[in-house]
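Welcome, and thank you for taking a look. Please open the sequence and the structure side by side, and let us walk through them together.

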Amino acid sequence: MKIELLKGKNWKVFFISLAFIWLQTGLVSAQQIRAVASWPALADITKQIGKELVNVESLATGVEDPHGVPVKPSFVPRLNRADVLILIGLDDEHAWIPALLEVAGNPKILLGRPGYIDCSVGVPVLEAPTLVDRSEGDLHPKGNPHYLLDPVRAKIVAQNIARGLSRNFPQHQQAFEKNLKAYVAELDKWIDRWEKMAAPLRGIKFVEYHPEWIYLADRFGMKRIGSVELKPGIEPTPNHLVDLTQQIKQEKAQLLIYGAQNPRVPQQISNETGIKVLRLYSGGGSGPETDSYIKWIDYTVRTLVQSVS
Amino acid sequence: MGSLVRKSRLVSGCVVLSYVFLLPRTGLTQESTTDTLRRQVTEMQEQLKKALERIDQLEKEKSANTGKIDQLQSATTARLGEVEKSVQAVQSAPTALNPAMGLVLDATAEHRAKVGGTFNFRAAELGIAASVDPFARMYSFINGSREGVEVEEAAALTTSLPWNLTAKGGRFHADFGRLPKYHEHELPFVNMPLSVERMVGGETAADGVEMVYLFPTPFFLRATLGGYNKMGEENERLDDSKSRAWSRFTYLGRLNTYLDITDNHSLELGTSMTYTPSVRLVGDPVGGDRLLNGIDLTYRYQPLSSLVYQGLTWGSELFTNRERIPFDDVAKRRLSIGGYSYAELKLNKSWSTGFLFDYGPSIEKPGKKTIGYSPFLTWNISEFNRLRFQYSYLRDSVRADKEDAGNQFFLQWTTVIGAHTHGFLTR
């Protein structure tokens with residue numbers, strides 16, 4: 001009976017279905033460079049550099065905790081077909097990308113290969129730890145990886161992406177360089193605008209849940225006085241929260257910024273100290289107001305300014 | 001009067017003379033001024049032209065310089081990157097070729113109503129992994145426990161095979177089911193379910209080879225084919241150390257797929273089959289084949305914006321085993337069915353709780369079984385430090401081991417130092 005089932009027409013239907021699935025995947029953007037970025041902001045910058053030559057998609061949506069992106073098997077086929085992989089680097093994606101690359105079966109985008117575009121190359125890094133030991137929490141040994149929040153550093157990111165694309169597709173180098181120049185010029189205009197817009201932020205004291213905002217703070221003159229986490233990645237203890245609330249009161253901190261973390265603790269601190277709580281994602285792309293890099297930084301700066309005005 | 005007339009004539013004469021002599025000079029002066037003006041205008045035009053040319057030239061130089069500055073900036077960034085990499089390479093040079101290493105300690109304090117309590121040093125698992133060359137990676141897990149030290153896994157796998165293929169060889173956990181290939185300290189609860197222990201033989205440890213194929217489909221679809229001496233750490237049916245006929249090896253096939261229902265909800269489905277053409281158990285000189293099948297289904301609720309502190313996983317597996325079993329002096333081909341189902345709810349970043357239902361049939365005694373009910377509570381102090389409390393009640397009719405019956409309490413402490421990951425398969 002079983003053998004009967006696989007005879008004649010059934011075999012044909014099976015093979016035609018298989019061929020159909022095969023063809024479908026082969027036809028997807030056959031003319032374009034297939035780029036996969038870890039985060040939406042990187043995907044947008046890649047699109048600005050590659051324009052119509054590149055078909056780029058982001059794995060994360062932008063609302064995830066930077067260190068808690070789920071290892072979804074649905075990411076595997078995308079990585080399998082990718083010509084290039086664009087990452088933040090500095091171990092930002094260490095909890096999920098290596099596990100996916102392990103099964104993606106795509107040697108072109110493995111670490112060290114030309115298709116692996118690490119955007120952190122040449123970026124001046126802050127908070128590189130002097131002591132790399134887990135007693136200091138879940139550290140990034142190469143430094144804080146949330147540099148995309150600084151638009152000036154984003155120009156280096158754009159250069160890295162242009163260089164990475166040119167390395168893999170030298171025939172389009174001129175186009176990438178031209179697009180890079182235009183994008184950097186546009187960024188420069190926005191940076192001037194943001195510098196002026198962010199004047200009220202200068203000197204503002206803030207608390208963050210996780211050390212994500214130092215690059216933005218550094219750019220616009222904000223001053224971080226502490227973190228909700230006891231150490232990076234370690235949830236606060238009651239003693240730490242008591243110390244933090246005292247510090248907030250003493251230093252008159254105005255803002256507590258959190259992202260994908262639980263709002264319960266920030267709200268509790270706010271109730272006790274009166275500090276303003278602000279939910280901002282450090283990944284970009286979480287909504288229509290932040291679906292491009294420039295829109296994301298603009299939204300972030302505007303929201304911060306409004307919250308202290 | 002006469003003198004006045006003379007004077008007036010003299011003045012008139014002078015005026016006439018002046019007019020005669022001076023008028024042409026005035027005309028000449030006017031002509032000279034116009035020329036001067038013309039010349040000045042011409043000169044100014046030339047100067048303006050030169051100035052414009054100069055401005056053009058300066059602008060060209062400026063734009064050339066801007067290009068140069070851009071190039072210089074770009075080159076500087078590239079150079080900085082290279083220097084940065086060199087510095088990192090130099091800094092890590094003494095250890096650059098050392099593999100990533102980590103050690104897991106897994107210990108429990110246990111109390112079982114039928115046998116009493118113990119401090120159980122379950123495992124100190126040393127994990128080592130690194131690239132072999134551009135074509136392969138290697139990893140190993142060496143496990144020390146109170147039973148002794150053993151190489152639990154030591155396998156090489158390819159990284160650059162064409163056609164979406166990956167080959168693995170050595171000793172490793174065979175790709176059967178979902179939880180059976182987990183290391184025990186990575187489970188969402190304290191112990192491997194009894195259904196897995198009895199039907200698969202515990203963790204799917206196997207010496208052999210596996211070939212994995214990732215289908216080039218828009219969705220995740222993966223197939224595994226494997227061949228092993230035997231599968232299952234506690235599987236005593238076959239001797240792992242002797243050469244034997246190819247019919248006495250175990251062969252595996254598995255298909256695994258995954259579906260994103262929405263951004264936050266997903267479903268994962270797998271089906272596995274192992275076939276051993278010839279098994280001869282003690283008491284059955286005739287022997288026969290063995291067919292072990294499994295279906296695994298995992299539902300996950302992973303809200304992307306709050307995944308760190310919210311989420312739900314529901315996982316279930318069903319196994320069937322068909323083989324000749326000697327019982328009451330008669331060897332017969334028998335079918336056993338077993339499985340487990342569990343759900344785990346994340347309460348916040350640190351705490352989660354869940355419940356395990358386990359149905360473990362006896363392979364040797366048909367109709368006998370052990371049913372387990374186990375609520376558990378986990379406290380993730382950090383990513384590398386975990387405490388878990390579990391209560392189990394086992395309703396046992398197999399009566400093969402007193403440890404598998406009655407009320408049981410476990411307090412498990414699992415800690416990790418260094419780099420320790422079991423990769424995609426145990427995500």
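## A loop on chain B

Our tour starts at Arg399(B), in the loop that runs between β15 (385-396) and β16 (406-418) of chain B. Please keep in mind that this is a predicted model. Is Arg399(B) buried or exposed? With a relative accessible area of 70%, Arg399(B) is exposed, because the cut-off for that word is over 50%.

Arg399(B) also has company of like charge. Together with Lys114(B), Lys368(B) and Lys402(B), Arg399(B) gathers in a patch of positive charge on the surface.

## A nonpolar patch on chain B

Chain B also carries a nonpolar patch on the surface, with about 900 Å² of accessible area together. Its members include the tryptophans Trp351(B), Trp379(B) and Trp413(B), the phenylalanines Phe389(B) and Phe409(B), and Ile381(B). Leucines join in as well: Leu345(B), Leu347(B), Leu377(B) and Leu411(B).

Which elements give two or more residues to the nonpolar patch? They are β14 (369-382) and β16 of chain B. To pick out one member, find Leu377(B), which sits in strand β14 of chain B. Leu377(B) has 33% relative accessibility and so counts as partly exposed.

## Chain A as a whole

Now turn to chain A, which has eleven helices and eight strands. Taken along the principal axes, a box of roughly 80 × 55 × 35 Å is filled by the C-alpha atoms of chain A. Of the 309 residues in chain A, 54% are buried.

How do the contacts of chain A spread along the sequence? Among contacts with a separation of 6 or more, 64% are between residues 24 or more positions apart.

On the outside, chain A exposes about 13,800 Å², and carbon and sulfur atoms supply 56% of that area. Chain A has 36 positive and 33 negative charges, and the mean positions of these two sets are 6 Å apart.

## Salt bridges in chain A

Side chains of opposite charge can pair when their charged atoms come close. Over all chains, the structure holds 28 salt bridges.

One of them joins the side chains of Glu57(A) and Arg78(A), at 3.8 Å from N to O. This pair links distant parts of the chain, 21 residues apart: Glu57(A) is in strand β2 (residues 54-58) and Arg78(A) in helix α4 (residues 75-81), both of chain A. Glu57(A) is partly exposed at 33% relative accessibility, and Arg78(A) is partly exposed at 23%.

Another salt bridge is formed by Glu208(A) and Arg224(A), whose closest N and O atoms are 2.5 Å apart. Glu208(A) belongs to strand β5 (residues 205-208) of chain A and Arg224(A) to strand β6 (residues 223-227) of chain A, so this pair ties together parts 16 residues apart in sequence. Why does Glu208(A) count as buried? Its relative accessible area is 0%, and buried means under 20%. Arg224(A), in contrast, counts as partly exposed at 27% relative accessibility.

Lys295(A) and Asp291(A) also form a salt bridge, with 2.9 Å between the closest N and O atoms. Lys295(A) is partly exposed, with a relative accessible area of 38%, and Asp291(A) is partly exposed at 45%.

## A network in chain B

To finish, return to chain B. Which residues are joined into one network by salt bridges that share partners? They are the acidic residues Asp175(B) and Asp296(B), along with Lys181(B), Arg222(B) and Arg254(B).

Conventions:
Residues numbered from 1 in each chain as written. Chains lettered and ligands numbered in written order. Heavy atoms only, no water. Patch = residues over 30% accessible without salt bridge, like charges linked within 9 Å, V, L, I, M, F, W, Y side chains within 5 Å. Areas by Shrake-Rupley, 256 points an atom, 1.4 Å probe, with all protein chains shown as cover. Salt bridge = Lys/Arg side-chain N within 4 Å of Asp/Glu carboxyl O. Lys, Arg positive; Asp, Glu negative; His and termini not counted. Charge placed at Lys NZ, Arg CZ, Asp CG, Glu CD. Helix = DSSP H or I, 4+ residues; strand = E, 2+ residues; numbered from the N terminus. Buried < 20%, exposed > 50% of the residue type's maximum accessible area, 1.4 Å probe, protein only. Contact = heavy atoms within 4.5 Å.
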